[in-house]
Amino acid sequence: LSSDGDRTLSAMQVDAAGNTGTAANQTLTVDKTPPSVSSIVRTGASQLVNVGPLSWAVTFSEPVSGVVDANFVLATGGLAGTAPTIGTVTASGGSPSAVWTVTTSMAGTTGSNAGSVGLNLVGGGSITDVASNPVTPASFTGQVYSFDTTAPVVTGVSSPLADGSYKAGQVVPVTVTFSEPVTVSGTPQLTLATGTSATTAVGHTSGSGSTTSSFGCGCPRTI
């Protein structure tokens, strides 16, 4: 049989006297096409995370069985602490299934600003379809999470104005630099020392999603 598809086998008995028995038919399905991986995608709501566990949905071209943790490796970078490990591999609706969920434990794992965790298929020898065709190819690169447990810190506060005294009403721009891009929400303020005991609130003016944020105020008095 050279191609996939259904084949019907028919049998009929005829004795020496020419009597014909009841015909019997049997339909067989020929499947010589190996399954393949369609995708390995993150199941988390966000690509950027700071806590586990992390999960991926592994989708095949047809229902398969024999999917185990040894078929996968975690591709990591910028991590410290305890190395993440693959915890569970679960078939959606039971095996065989076209969709499997792979979950990894991140207990004790820390990530830098550039920390990453991806899931790759590296050996599919145990993965077969219902006709016992092995998955081909036996490797596939999946999506990656950005794993960051490191809090941003202020690395600098500066102003284009030189140190000195300024008249009331002078706008004083202030730039705050962070160790990584930050998102600004609400109405953050800085406190600007405008005298021995006096302070002035400096409101946020621009900068979100980057490593710098700008603040500014009109001085209420000479500083």
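## Asn-113 and a contact across the chain

Asn-113 is found in strand S9. The model described here is a predicted one. Asn-113 is partly exposed, because its relative accessible area is 40% and that class runs between 20% and 50%. Its C-alpha atom lies 9.2 Å from the C-alpha atom of Pro-181. Along the chain, Asn-113 and Pro-181 are 68 residues apart.

A second pair of this kind involves Thr-155 and Glu-180. Here the C-alpha atoms are 9.5 Å apart, with 25 residues of separation in sequence. Thr-155 belongs to strand S12, which covers residues 154–158. Thr-155 counts as exposed, because its relative accessibility is 52% and the class begins over 50%.

## The four-stranded sheet

Strand S9 is part of an open sheet of 4 strands. The order is S4-S11-S9-S6, and the pairing is mixed. Strands of a sheet pair through backbone hydrogen bonds, either parallel or antiparallel. Which strands stand at the edges? They are S4 (48–49) and S6 (72–81). Each has a single partner strand, so one side of each is left without a neighbour in the sheet.

Start from the S6 edge. S6 pairs with S9 (residues 109–121) in the antiparallel sense, over 9 bridges. In this pairing, Ala-75 stands opposite Gly-118 of S9. S9 also pairs with S11, again antiparallel, over 5 bridges. Gly-118 has a bridge partner in S11 as well: Val-144. Gly-118 therefore has Ala-75 opposite it in one pairing and Val-144 as its partner in another.

At the other edge, S4 and S11 pair in the parallel sense over 2 bridges. Val-49 stands opposite Phe-147 in S11.

## A hairpin

Strands S7 and S8 form a hairpin with 5 residues between them. S7 spans residues 85–91 and S8 spans residues 97–105. The two run antiparallel and are joined by 6 bridges. Ala-91 has Trp-100 as its bridge partner in S8. In the turn, Gly-93 has a positive phi of about 80°.

## The aromatic pair

How many aromatic pairs does the structure hold? It holds 1. Trp-56 and Tyr-145 form this pair, with 5.2 Å from centre to centre and 75° between the planes. The pair is edge-to-face, because that class takes planes over 60 degrees apart.

The pair links distant parts of the chain. Trp-56 is in strand S5 (residues 54–65), and Tyr-145 is in strand S11 (residues 140–147). They are 89 residues apart. Are these two residues buried or exposed? Trp-56 is buried, with a relative accessible area of 0%. Tyr-145 counts as buried too, at 2% relative accessibility. Both fall in this class because buried means under 20%.

Tyr-145 has a further contact. The charged end of Arg-42 sits over the ring of Tyr-145, 6.0 Å from its centre.

## Backbone exceptions in the loops

Most residues other than glycine have a negative phi, and most peptide bonds are trans. Some places in this model depart from that pattern. One is the peptide bond from Gly-52 to Pro-53, which is cis, with omega near 0°. Pro-53 lies in the loop between S4 and S5. Another cis peptide bond joins Thr-136 and Pro-137, where omega is about -5°.

Pro-137 is in the loop between strand S10 (128–129) and S11. Ser-132 has its place in the loop between S10 and S11 as well. Ser-132 is not a glycine, yet its phi is positive, at about 70°. Is Ser-132 buried or exposed? Ser-132 is exposed, with a relative accessible area of 54%.

## The largest pocket

The largest pocket has a volume of about 220 Å³. It is lined by 10 residues. Which of them are the closest to its centre? They are Ser-159, Ala-162, Asp-163, Val-172 and Leu-192. By kind, the lining divides into 7 nonpolar, 2 polar and 1 charged.

Methods
Residues numbered from 1 in each chain as written. Predicted model: local features only at pLDDT ≥ 70, side-chain atom pairs only at ≥ 80, totals over all residues. Heavy atoms only, no water. 1 Å grid on protein atoms, 1.4 Å probe; cavity = no way out; pocket = protein on both sides within 12 Å on 5 of 7 lines; lining within 4 Å. Points joined across faces, edges and corners; volume = space filled by probe spheres on them. Nonpolar A, V, L, I, M, F, W, Y, C, P; charged D, E, K, R; others polar. Phe/Tyr/Trp six-rings, centres within 6.5 Å; stacked < 30°, edge-to-face > 60°. Buried < 20%, exposed > 50% of the residue type's maximum accessible area, 1.4 Å probe, protein only. Lys NZ or Arg CZ within 6 Å of the ring centre and 35° of its normal.
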